[in-house]
Amino acid sequence: TRLEKSSNGKLREVIDLNQPPSTITREFAFDYLIVGAGFSGSVIGERIATQLGKKVLIVDKRNHIGGNAYDHYDRSGILVHKYGPHIFHTNSREIFEYLSKFTEWRSYEHRVLASVDGQLVPIPINLDTINKLYGLNLTSFQVPEFFASLAEPKDYIRTSEDVVVSKVGRELYEKFFRNYTRKQWGLDPSELDKSVISRIPTRTNRDDRYFTDTYQAMPLHGFTRMFERMLDHPNIKVMLNTDYREIHKSIPCREMVYTGPVDEFFDLRFGKLPYRSLLFKHETHNQAVFQSAPVVNYPNEHLYTRITEFKYLTGQEHAKTSIVYEFPRAEGDPYYPVPRPENAEIYKKYKALAEATPGVYFVGRLATYKYYNMDQCVAQAIAVYKQIAAKQQAETVV
Ligand code: FAD
Ligand code: UDP
């Protein structure tokens with residue numbers, strides 16, 4: 001096939017069946033085919049449809065929009081996150097304001113306790129964690145010295161083990177991080193990039209919030225409602241229960257945005273890129289409160305890493321309560337890219353291939369193999385949208 005300008009100035013695809021003189025021509029049904037209705041696909045679809053006036057088809061192989069941020073009311077009427085706890089936080093005013101077009105918010109600062117040595121203590125490690133764990137009465141001014149007495153200084157911080165051991169020493173590393181990480185990733189922290197555990201700070205004060213971002217909030221009516229509003233536009237059609245491979249030949253689109261796993265797009269040509277998976281076990285209990293914090297981490301016990309109790313996140317009032325356990329898995333839906341040098345090498349090859357694939361934009365956590373939070377996905381999607389808009393403008397000028 002080749003592209004041709006039609007009389008109304010639009011590009012159209014001309015299919016050469018090698019049978020002159022009956023050349024078949026078709027208009028594109030959509031300007032953009034977007035694979036994946038998660039944060040990445042939905043944001044870019046919304047921008048293209050509303051700002052560029054282009055027709056967008058979003059397909060997702062799941063039976064719902066929202067990707068991994070999807071939430072829904074369970075059988076007891078409690079709002080739960082199907083794919084584990086999702087808490088929105090960002091330092092970017094632009095991103096917060098952008099999402100505010102589609103939702104109102106409920107202020108929410110996330111807090112997590114870790115079950116260590118038979119006690120529940122704050123994680124990230126802070127002043128109270130140390131005092132409770134060691135039966136001490138240190139002040140904020142004494143904690144840096146306490147950490148320094150335990151730390152094993154390193155010249156170069158390369159791995160996730162280095163990050164913790166160099167800051168707070170081996171004992172706290174073993175109590176809070178080593179086993180949780182082995183469970184979560186199936187790898188020792190010494191085999192993972194420093195970026196993984198660097199997500200968790202160490203504090204010398206009593207701040208027990210999991211995140212310190214300027215904006216921390218939950219969509220007032222849930223993530224799915226926010227996505228519904230984002231996608232509610234005449235230029236956007238959504239097709240669920242559909243793998244894009246089933247339709248992309250029969251529904252011609254001018255360009256594509258792909259937010260699925262990058263290795264699958266290229267039929268695993270350079271081998272499988274590891275993505276870590278989870279099995280979620282949801283339960284509802286006939287009691288108003290299940291645990292004393294929104295999330296409790298279990299570094300050293302059980303096969304699961306953490307338990308989340310959703311009502312803390314959503315603020316919902318209900319006589320019952322719903323929770324979810326996360327059991328890490330190697331196989332299953334891809335949830336996490338696995339940041340380590342071997343995988344970066346494989347991804348580099350796929351990235352080069354992606355860059356050499358015209359008409360397809362690779363966006364999001366799975367397609368760019370980045371351990372991104374939701375706000376980072378929004379930022380990346382908006383950046384790619386801006387590239388698309390600039391290209392459109394350049395084409396219009398020509
Ligand atoms: P996804 O949400 O994975 O969407 C990709 C979509 O593409 C999927 O719906 C998939 O079905 C679809 N797809 C793939 N292949 C195909 C195909 N061939 N055809 C059709 N459709 C296809 N971030 C935070 O900011 N805060 C948190 O608290 C937080 N907690 C998390 C907890 C867990 C357990 C997990 C796994 C992630 C968490 N995240 C959190 C990260 C967050 O989920 C991601 O940043 C974000 O949802 C990724 O969006 P995405 O659109 O890039 O990918
Ligand atoms: N981590 C840990 N112990 C904890 C919490 C986190 O070892 O109590 C490590 C673990 O490797 C985890 C990483 O820090 O995968 C990032 O934690 P985060 O809570 O950000 O993970 P996510 O919510 O993305 O699953």
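Me: In this predicted model, what share of the contacts between residues at least 6 apart in sequence join residues at least 24 apart?
Reply: Happy to start there: 69% of those contacts in the protein join residues at least 24 apart.

Me: Why is the protein called as compact as a globular protein of its length?
Reply: Set the value against the rule. The globule rule gives 21 Å for 398 residues, and the radius of gyration is 24 Å, which is close to that, so the protein counts as compact as a globular protein of that length. The C-alpha atoms fill a box of roughly 90 × 50 × 35 Å along the principal axes, and the secondary structure comes to twelve helices and 20 strands.

Me: What makes a residue buried, and how many of the 398 residues are buried?
Reply: The cut-off is under 20% relative accessible area. Buried residues make up 53% of the 398. As for the surface, about 19200 Å² is accessible, and 50% of that belongs to carbon and sulfur atoms.

Me: Which residues touch the most other members of the largest nonpolar core?
Reply: That core has 109 residues, and those touching the most other members include Phe 39, Ile 44, Leu 99 and Phe 362.

Me: Why is this core said to lie between domain 1 and domain 2?
Reply: Both domain 1 (2-106 + 220-271 + 338-397) and domain 2 (112-197) give residues to the core, so it lies between them. Apart from it lies another core, of nine residues, among them Val 296 and Phe 327.

Me: What is Ile 44 in contact with, leaving aside its neighbours within four places in sequence?
Reply: Contact needs heavy atoms within 4.5 Å. Ile 44 is in contact with Ile 34, Val 257, Val 363, Ala 381, Val 384, Tyr 385 and Ile 388.

Note on methods:
Residues are numbered from 1 along each chain as its sequence is written. Chains are lettered from A and ligands numbered from 1 in the order in which they are written. This is a predicted model: local features need pLDDT of at least 70, side-chain atom pairs count only at pLDDT 80 or more; totals for chains, interfaces and linings use all residues. Side-chain values use heavy atoms; hydrogens and water are left out. A nonpolar core is a set of buried Ala, Val, Leu, Ile, Met, Phe, Trp, Tyr and Cys residues joined through side-chain atoms within 4.5 Å. Buried means under 20% relative accessible area, exposed over 50%, partly exposed in between (1.4 Å probe, protein chains only). Domain bounds come from an automatic or database domain assignment. Helices (H or I, at least four residues) and strands (E, at least two) are DSSP runs, numbered from the N terminus. The radius of gyration is taken over C-alpha atoms; the globule rule is 2.2 Å times the number of residues to the power 0.38. Accessible areas come from the Shrake-Rupley method with a 1.4 Å probe; for residues, only the protein chains shown count as cover.
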